Amino acid sequence: MVKCQVILDALERIAPRHLAEEWDNPGLLVGSPAQEVSRILVALDVSDHVVHQALEQGAQMIIAHHPLIFRPLKKLRTDLPLGHRLSVLLKHDIAVAAAHTNLDIVQGGVNDVLAEAIGLSKLSSFVITAQHEDGTVESMGRIGCLPSPMTIRDFALQVRQALPTQHVRFVDAGARPVRKVALCSGAGAEFIGKAAALGADAYVTGDVKYHDAQHAAELGMHVIDAGHFGTEFPVVEQLAARLRQELAEVPGGIQVVTDRSSRDFFELA
């Protein structure tokens with residue numbers, strides 16, 4: 001076993017906390033940096049299902065994309081879902097850490113994994129969150145190109161087949177072929193105007209509302225809503241692989257396993 005801090009240091013190298021948005025809550029959320037860990041479970045969410053997996057598999061730590069604790073707690077009631085989940089984690093000494101918007105923004109993170117999965121190349125920055133004196137930029141989302149133009153219907157089918165989702169919704173903005181594509185994993189409908197201004201033929205994200213779709217159609221840009229889960233879950237395997245690399249030389253040996261059984265909350269009728 002190694003100290004939890006060793007894993008936190010590895011996570012920091014993969015997705016530095018300084019990249020996170022100010023409103024975010026990444027890092028160690030449950031447990032102590034001093035507790036010992038021999039097995040890590042990597043997941044998208046710290047759900048009851050994931051906590052049960054951690055117990056079954058003997059994991060002493062969960063690393064998730066979505067923070068388990070996001071807003072300040074005013075009470076800790078164990079008869080309510082979050083309070084109960086926290087009590088189980090504390091009872092069994094399972095630490096929890098999160099890499100959220102820092103993992104969205106970092107090179108090789110959520111958005112790059114999504115872009116590769118749906119077939120984009122020649123990636124560049126989309127929504128710039130920081131720009132440094134050496135010319136490097138940090139960006140929420142990515143913009144890239146398909147190898148050749150496609151119809152929006154064919155591209156929507158390609159996205160559905162590439163991601164862990166049963167369905168996608170798409171806005172058909174007309175006969176415009178799809179070649180240049182912007183994306184933002186999770187919930188990025190707020191950037192529809194930005195994507196259109198950058199000349200994107202289509203925008204891929206999740207959690208798109210009716211009036212967001214209407215706005216995109218009026219701008220003449222296709223939109224594919226592949227769901228919050230669908231656009232983010234692929235990073236789980238990639239994050240686990242990066243952790244294995246970072247921890248490969250750590251004495252004591254750390255096992256990194258992944259959540260492979262969680263599913264989107266939305267299903268087809």
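**Helix and sheet packing in the predicted model**

Helix α1 (residues 4-14) lies across β2, β4 (39-43), β5 (61-64) and β6, and runs at about 15° to β5. The structure described here is a predicted model. A further helix, α10 (residues 235-247), lies across β4, β5 and β13, with a direction at about 175° to β13.

The strands crossed by these helices belong to an open sheet of five strands, arranged in the order β2-β6-β5-β4-β13 with mixed pairing. The edges of this sheet are formed by β2 (27-30) and β13 (255-258), each of which pairs on one side only. On average, and with direction ignored, neighbouring strands of the sheet are turned by 25° against each other. At the β2 edge, β2 pairs with strand β6 (residues 95-98) in the antiparallel sense over three bridges, and Gly27 stands opposite Ala98 in β6.

Two packed helices are described by the angle between their axes and the distance between the axes. For helix α2 (residues 48-57) and helix α3 (residues 81-91), the axes come within 11 Å and cross at roughly 15°. Because angles under 35 degrees count as roughly parallel, α2 is described as roughly parallel to α3. The crossing in which α2 passes α3 is left-handed. On the α2 side, the contact is made by Asp48, Val51 and Leu55, and on the α3 side by Arg85, Val88 and Leu89. Classified by residue type, the contact of α2 with α3 comprises four nonpolar and two charged residues, with no polar residues.

Methods: Residues are numbered from 1 along each chain as its sequence is written. This is a predicted model: local features need pLDDT of at least 70, side-chain atom pairs count only at pLDDT 80 or more; totals for chains, interfaces and linings use all residues. Side-chain values use heavy atoms; hydrogens and water are left out. Axes are lines fitted to C-alpha atoms, for helices over the stretch in contact, and angles run from 0 to 180 degrees between N-to-C directions. Helices (H or I, at least four residues) and strands (E, at least two) are DSSP runs, numbered from the N terminus. Angles under 35 degrees count as roughly parallel, over 145 as roughly antiparallel, 65 to 115 as roughly perpendicular and the rest as oblique. A crossing is left-handed if the near helix is turned anticlockwise from the far one by less than a right angle, and right-handed if clockwise. Contact means heavy atoms within 4.5 Å. Ala, Val, Leu, Ile, Met, Phe, Trp, Tyr, Cys and Pro count as nonpolar, Asp, Glu, Lys and Arg as charged, and the others, Gly among them, as polar. Two strands pair if DSSP finds at least two bridges between them.
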